[in-house]
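The exercises below are meant to be worked through with the sequence and the three-dimensional model side by side. Each task is followed by a solution that goes step by step.

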Amino acid sequence: MINSKYDWQFHEVNDTTQVDQLAKDAGIDPFIATMLVQRGVKTADEAETFMNPTVSSFHDPFLMHDMKKGVDRISQAVESGEHITVYGDYDADGITSTTIMYETLSDLGADVDYYIPNRFSEGYGPNVAAFQSIIDKGTSLIVTVDNGVAGNDAIAAANQLKCDVVVTDHHSLPEVLPDAFAIIHPRVKDADGNAYPFGDLCGAGVAFKVAQALMDDVPSDLLDIAAIGTVADIVSLRDENRAIVKFGVQAIKNSQRPGLIALIKEAGIDLSKFDEQDIGFGIAPRLNSLGRIKDATVGVELLSTFDEDRASELAKFANQQNDLRKSLVDQFYSEAVASVESSGDIKNRSTLVVVGENWHQGVLGIVASRLVDKYQRPTLVMTGADGSDEVKGSGRSVDSFDLFQAIDPIRSQTVGFGGHHSAVGLTIKQDKIGVLKDQLEAAAKQQHLDLSVKPQLEISAVLPVSKATTDLCDQLKALAPFGQDNPKPIFKLKYDRLSDIKTLGKTKDHLKFSLVAGQNRLTAIAFGKGEFASELEQGASQLEVVGEVGENTWNNHTTVQLMVDDMREALPPVVDRRTRQLHQQMFANSGTYVFFHEKVRDQLKHYLSAESQAVMYDQNELKTLDQGKVYIVDCPDSTADLVKVLGVIHPQTTILYLYKKQLVSKIGMPDRHSYGKLFRFIKEHANINIATQLKQISEHLHLSARTIIFMVQVFLELDFITIQDRIINLNPNYAARDLKSAPSYHLREEQLLTEKKLLVSDTHEFVQFVKDSLGV
């Protein structure tokens, strides 16, 4: 059974007249007009600004808080020859921010250098020791980039040492801003309560605006670097950021930076087809790997050097670091998965804490993200080190769980802690791991974390395979650059059949297949879904596929392909899976499992996941089952019991196993002659031990042991016999009664009719009966 990873949300535009009007006024295809309306673009002017930003798309930098004050102070330092230090950060946004500010000040003739703190020994943001060292070396002005708005202590220390600090940052604002000389930040409001027109700039974007103010012009030579930081930091690709990335992508195509050219070459990127995805998947990871593995300082040198030999050397180093980063992530991820699977936490916990030994700290956040992706629950990945009683790590969360708020109540028991809703960094003592695990579970209950809720995936439209063409790809490019708040359109593909199903990769983790409709064929690639190959080859019923349509060039031949985001097996309302054998995998999917016999339920309920529930057929909870999947596990004794269940439930899909270990119909109902033989035997033999003599009686009467036991039960219910300590004797006071009046006899009749109706009937007849009972 192929289940979707996401909750598919179809973004339908109800007002088609608005689409038609926009298409007419803007002179664009109605299909693209639909995509624009989905993005909130409603007028021709808005469409032109969205698709074709110009220099006028850049706001006045002096609208940003403290911009004039900060620029004046920087200009004063440049003119008077003060030594300026640009204080950056170790991720791609920090590296590009530092590069922008350093190059700008160098072009102005400043006495300037840069400093990027070490992720492992110094951590993120300003720290007192680093500022002390910088100032001791002669710096009288520190300009922070991509950090500083929460650096209260370090900035206070700088003030005491008579060194001014100009903060340029974009991160969340603390309750108390630092006492910096100037705080240039797009979300800080001025005295009149006004903020910069666009608050979603990244660190590189803010540095770019400072450069614009210092240069009194848009610094076009820095657009390439600003675009890298903007895409890498996954900020909104609306408004000013669209202009930065749109122009920046073009600038990169024509870049004269030796380091950037060398890095693109090492990444194997085709510069003629360069777009924002090449930044996100090619350039940014290599810059990020520098800080994750060792020291990010060389990243600034890589981007700013004009020495081609040095550029090539540094690009190769960045590529090696990225390869090392990927291998470490793969290694630790595999070990983490093994730890999770062996611990049983998936069944017992709503959150995960995985602790390794001597894992590289720089990649723990990536490992945590991959575990969240796999297990769909908040996850902390931590590591201990030889000779230390501390563990350090990173956490990632799902949308519905505030990870920072979950851990904050035990902040006093941590060595170090920080972060936000979706990501945290943490250091604790080894003996506090249990406390951390318990706190996360308590928070999961407090925040009502529901693991059955899937993340949403917005589907733009249903697209026939015949429409997936190069012309469509060209049209979609008008909506680029794609990213946060402007995702690449995702389509549900309409097709007739699947073909050419195969796995890819050394470990066959990935899947490739073709979607066929008439003479049209579309190749689809589904990363991480190789496990479904055999199921697709066997013919998964009504497979639904959603993904992004794009171009793939190989050996100078360009074709259209689908990058699969998700797929699911669209089940009909009733699924006939009647079986004589049950196995654990049949209970792996989340849903409600209905049982008719307590013994069967008790034997199987431990196979159910935490998101599933086991319900007896006569429980009141059945009335609340109005969605999802319901599994009818075992076969009832009476068809009426199943009809009653089907009459009160309203699931999307009903899957019927109707398991029965031994069919009563194989034994049948004893005839009157058999009853007579057994009755005469009991009448003629006193003190029959049914436990020890059953086999002999069976052979003597030529009746099966199960038939004899059944008839004995009928006789007992009719008071024909007595049983004490398994010794059977005739009741001397028995009275003649109809065999059919015995409850066991009646039950056997019901069971025989039920098996004929539910277990022997063909699929068509059976499914129609269930549909009629469900009212579908």
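**Exercise 1. Place the start of the chain.**
Decide whether Met-1 is buried, partly exposed or exposed, and find where it lies.

Solution. With a relative accessibility of 23%, Met-1 counts as partly exposed, given that buried means under 20% relative accessible area, exposed over 50%, and partly exposed in between, using a 1.4 Å probe and protein chains only. Next, Met-1 is located in the segment before strand E1 (7-10), where strands (E, at least two residues) and helices (H or I, at least four residues) are DSSP runs numbered from the N terminus. Finally, Met-1 and Glu-535 are 534 residues apart in sequence, yet their C-alpha atoms are 7.9 Å apart in space.

Before going on, note that this is a predicted model, in which local features need pLDDT of at least 70 and side-chain atom pairs count only at pLDDT 80 or more, while totals for chains, interfaces and linings use all residues. Residues are numbered from 1 along each chain as its sequence is written, and side-chain values use heavy atoms, with hydrogens and water left out.

**Exercise 2. Set sequence separation beside spatial separation.**
How far apart in space are Val-574 and Thr-139, and what is the separation of Asn-194 and Gly-591?

Solution. Begin with Val-574, which belongs to strand E20 (residues 574-576) and is buried, its relative accessible area being 5%. From C-alpha to C-alpha, Val-574 is 74 Å from Thr-139, and the two are 435 residues apart in sequence. Then take Asn-194, in the loop between strand E6 (182-184) and helix H8 (203-215), which is partly exposed with a relative accessible area of 44%. The C-alpha atoms of Asn-194 and Gly-591 are separated by 51 Å, and these residues are 397 apart along the chain.

**Exercise 3. Examine helix H12.**
Compare the expected span of H12 with the distance between its end C-alpha atoms, and then look for a kink, a cap and the degree of burial.

Solution. Helix H12 covers residues 276-293, and its 18 residues should span 26 Å at 1.5 Å a residue, the expected span being 1.5 Å times one less than the number of residues. The end C-alpha atoms of H12 are 25 Å apart, which agrees. A kink of about 40° nevertheless lies at Ala-284, shortly before the proline Pro-285; the bend at a residue is the angle between axes fitted to the seven residues ending there and the seven starting there. At the N-terminal end, Asp-275 caps H12 through a side-chain oxygen that lies 3.0 Å from the backbone nitrogen of Gln-277. Because 14 of its 18 residues are buried, H12 is largely enclosed by the rest of the structure.

**Exercise 4. Inspect the backbone in the loops.**
Which peptide bond is cis, with omega near 5°, and where do Asp-66 and Lys-508 lie?

Solution. The cis peptide bond runs from Ala-480 to Pro-481, and Pro-481 sits in the loop between helix H19 (470-476) and strand E14 (491-494). Asp-66 is not a glycine but has a positive phi of about 60°; its loop joins helix H3 (44-51) and helix H4 (67-80), and at 24% relative accessibility Asp-66 counts as partly exposed. Lys-508, also not a glycine, has a positive phi of about 55°, lies in the loop between strand E15 (497-504) and strand E16 (510-517), and counts as exposed at 57% relative accessibility.

**Exercise 5. Describe the largest cavity.**
What is the volume of the largest cavity, and which classes of residue line it?

Solution. On a 1 Å grid over the protein atoms alone, a cavity is a set of points where a 1.4 Å probe fits but cannot get out, and lining residues have an atom within 4 Å of a point. The largest cavity has a volume of about 40 Å³, and its lining includes Leu-678, Phe-681 and Val-712. Helix H23 (672-684) and H25 each give two or more residues to this lining, with the largest share, three residues, coming from H23. By class, the lining of the largest cavity has nine nonpolar, no polar and no charged residues.

Terms used: 1 Å grid on protein atoms, 1.4 Å probe; cavity = no way out; pocket = protein on both sides within 12 Å on 5 of 7 lines; lining within 4 Å. Points joined across faces, edges and corners; volume = space filled by probe spheres on them. Nonpolar A, V, L, I, M, F, W, Y, C, P; charged D, E, K, R; others polar. Polar contact = N/O pair within 3.5 Å; in protein donor to acceptor, adjacent residues only side chain to side chain.
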